[in-house]
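This report looks at charged side-chain pairs and at how open their residues are to solvent. The structure comes next.

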Amino acid sequence: MPNKPKTAKKVEIKENYSQEDLIFALDIGTRTVVGIVGFYENKYFKVIAAEVYEHRSRAMLDGQIHDINKVAEVVSEVKERLETALGLKLTKVAIAAAGRVLKTSQTKLEYEIEQGREITPDIVGSMEVDAIQNAQIQLDNELSAEEKVPFYCVGYSVVNYFLNGYTISSLIGHKGKKIGVEVLATFLPHVVVDSLYTVMEKVGLKVAGLTLEPIAAISVTIPKDLRLLNLVLVDIGAGTSDIAITKDGSVVAYGMVPIAGDEITEKIAQEFLVDFNAAEKIKISITSGVESIKYTDILGNKREVDNAQALEALQPAIEVLANSIADKILEFNQKAPNAVFLIGGGSQIPGLTSKIAGRLGINSDRVAVRGRDVIHNIKTKLRKLSGPESITPFGIAMMAHSTKGQDFLSVSVNGEKIQLLNSKKLTVADALILVGFNPNKLIGRTGKSLKFNYNGKPVLIKGEHGEAAEILVNEAPASLDTIINVGDNITVKAAVNGRDAVKQLREYIINPNGLKVSLNNDTLKLVPRAAVNGENRNPHTDINDGDDVTVKEIVTLGQFAAEFNLDPANNVLTVNGEQKEMDYCLAENDSISCTGIEKETQKLPDSAEESLALAGKAIENDLKDEGFVITVNGEKVKLNEGKQYIFVDVFSYIDFDLTSPKGNIILKLNGKVANFTDSIVPGDVIEIFWEKFKI
């Protein structure tokens, strides 16, 4: 049966304070409820009253309220005794949610990213938001239907970043094809907070401050200037050992080991054949250093054992507890921390600190038990709370003072009012996680690129760049990392994705509808031929990724002459009665005339078909006898194979690397834009160069 507290003794208060100055803090544990009352004076917290009362039944399990009415009865008893001692009415209280009720989820997320795009903080932040939301979904899927409740994200840490599948310490500034992040996120069920508030309402108390027990404990055991270090706090209670990890000034991860002080008590009960209560007394005697321990076993035999002998019997159980705590720290922290602090009743077990240090691979002096003596800004004459079990209630009271009762931080996101648990420095990202903001709307994706072959050569058309989301806090530019305060108005204008690269065949055809011209009064239709993957297609056909595109088109007079074997060296070509250069671009209804220079030896047939045959033979004989000379990028080039050439043949005679594109390739024939399949004739002037991609 729990011990009923003795009648409260009225406190003789000599300090000068008002009732409004008093801070009432409650630590509602699995076995006991601890209440303290004090006030601040010259930066010191003076504790003037304290009460400890055990639960009459198992109304609390693992730090969570199961029977609201029974817990309310014990809280009411503690409150009334404190009121009697102080001679006043308590109306406000500071409370904390137990670390052991927190839920942890670890998840990995990977993104494809445009090759060549620099990774910015916004990209990484968006990915982290997405990963945390995935962690919450994963947690929800792991819970039973009864356990599925809303959660607050109270902290998260990045376990690893990944670039192209490899672990990397930071992604900022890098470029790659794939990025990833692995996060460890911790969530507090809304129901835990709701039940705490319900109990307080039942006993007539208004919640003036709410925090988490690990944060409250760290606030008084680890000074602010040390919180940038990687430190671990372990609260070893009765049934569980709760772990909190701090880094960069915040609590970033939480864990829980389902064994604690009771494990040692049960081992004592087995070794010395006593019931649980007797084993608890023996454990207290061992930890207090009593040299000889007397007890009566369940058979009625009076026994006596010295401290060293009793401690030796407990070594296997202590080893299990130490290893479990150390392994959980390594699991959540990924490495040994700078130091470990132990609090809670179970932390006083002899030899526990050295065993934890050994398992972590750090010096034994880097694992220490923290008691009330390390809290330098507390003053009290009370002896009721002095050991490591007093850390949390003192921390709850002092946190209530530092946060000014702002246990929840109210802000709005795009007009929606929300409340965040004020458990750490809160940022825009925390608010977006709570409202479930779609992280895909934070970063504007670049449109998909289009890769295809054009007349045998690779072409890359890049998609448009997207526009990142615009984040405003109180109408001022902000980012995901911007710290938010009570009443802030957060506005997020969704990102705009860039359009995918789109090209149609007609964009590679100068005259999509063809040209109607005449040759020696014979009407000809110069129709471009466009094919995709070997099949003829309409000029308005979209080009798809990976397509093989070929386009053949007659645009200039030179191309026309080459196509119909009308050698300018042996023929006079006129257009609409005027002699034109070979780079002249043909127009609709142009009238082309071709007359041979030596009429007595070469008569121009009336038929264009016969003309082509004769001209072709003449050119062929000429090529065999004299070769084929053109000008490429200012230099004379002789083609010697004795055939009719097209533009692409030139690359066999010049030093120009097509395998490593440095932009868009520009082809010019006699000063005009050319195609790879354009025919060339002796004397042609060709230019080939790279033009930078237009993005």
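## An exposed arginine

Arg 499 is exposed, at 58% relative accessibility. The model is predicted, and that value is computed from it. The cut-off for exposed is over 50%.

Arg 499 forms a salt bridge with Glu 464, 2.8 Å from N to O. Both residues sit in loops: Arg 499 between β26 (489-493) and β27 (515-519), Glu 464 between β23 (457-461) and β24 (470-473). The pair therefore ties together parts that are 35 residues apart in sequence. Glu 464 is partly exposed, with a relative accessible area of 37%.

## A link between two helices

Asp 327 and Arg 359 also meet in a salt bridge, at 3.0 Å from N to O. Asp 327 belongs to helix α7 (residues 307-333) and Arg 359 to helix α8 (residues 352-360), so this contact joins parts 32 residues apart in sequence.

Asp 327 counts as partly exposed at 33% relative accessibility. Arg 359 is partly exposed too, at 41%.

## A buried pair within one helix

Lys 283 and Glu 280 form a salt bridge of 3.1 Å, N to O. Both lie in helix α6 (residues 276-288). They are three residues apart, about one turn of the helix.

Lys 283 has a relative accessible area of 13% and is buried. Glu 280 is buried as well, at 17%. Both values count as buried because the cut-off is under 20%.

## The whole structure

How many salt bridges does a search of the whole structure find? The total is 16. The pairs described above are among them.

Notes: Residues numbered from 1 in each chain as written. Predicted model: local features only at pLDDT ≥ 70, side-chain atom pairs only at ≥ 80, totals over all residues. Heavy atoms only, no water. Salt bridge = Lys/Arg side-chain N within 4 Å of Asp/Glu carboxyl O. Helix = DSSP H or I, 4+ residues; strand = E, 2+ residues; numbered from the N terminus. Buried < 20%, exposed > 50% of the residue type's maximum accessible area, 1.4 Å probe, protein only.
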